[in-house]
Amino acid sequence: MMNSPLHHLFRSRPMWQRPYSTSPPTALAMKPGTPIPGMDSIYPKPDPKKPTDPDKTPPVAKSREEYPKWVNNLAKPLPTLAYLRSIKIEEGTDYEMRRYLKLVRRIQIKENNSVAGL
């Protein structure tokens, strides 16, 4: 962890308080054409003696414009329960209402489990 380029972002926070996403998506984006690390077990390196098989070539990162729009939304933080409680029901979207209900149910389940001794 000490050698991580993001170490300065996590320095003062305990593990359980660390956010899922600490940088904007553009800071974490790979340059187009960069091989995606960790795919060696799925896509083994092609043998230089044999003709390259298109199915065996490792995947490379594409430019942002080549990905669908929903991929960029994956790096956005989810609305918090405090924010969802502050908005009016009439003003919230269906997604925000579903998220609110999910978080409230999760809290209720944790409280019921703690009372039951689980």
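A salt bridge here is a side-chain nitrogen of Lys or Arg within 4 Å of a carboxyl oxygen of Asp or Glu. The model is predicted, so to speak of local features takes a pLDDT of at least 70, side-chain atom pairs count only at pLDDT 80 or more, and totals for chains, interfaces and linings use all residues. Residues are numbered from 1 along each chain as its sequence is written, and side-chain values use heavy atoms, with hydrogens and water left out.

Arginine 99 sits in helix H5 (helices are DSSP runs of H or I, at least four residues, numbered from the N terminus). This arginine is buried (under 20% relative accessible area, 1.4 Å probe, protein chains only) but has no salt bridge. Glutamate 96, the nearest side chain of opposite charge (Arg counts as positive, Glu as negative), is 9.5 Å away. Beyond its neighbours within four places in sequence, arginine 99 is in contact (heavy atoms within 4.5 Å) with Leu78, Pro79 and Leu84.

As for H5 itself, the helix covers residues 94–116, 23 in number, and spans 33 Å from first C-alpha to last, close to the 33 Å expected (1.5 Å times one less than the number of residues). Glu96, Arg99, Leu103 and Val104 are its buried residues, and these pack against helix H4 (81–86). Just past H5, glycine 117 has a positive phi of about 85 degrees.

The largest nonpolar core (buried Ala, Val, Leu, Ile, Met, Phe, Trp, Tyr and Cys residues joined through side-chain atoms within 4.5 Å) has 5 residues: Leu81, Leu84, Ile87, Leu103 and Val104. H4 and H5 each give two or more of them.

Key
Buried means under 20% relative accessible area, exposed over 50%, partly exposed in between (1.4 Å probe, protein chains only).
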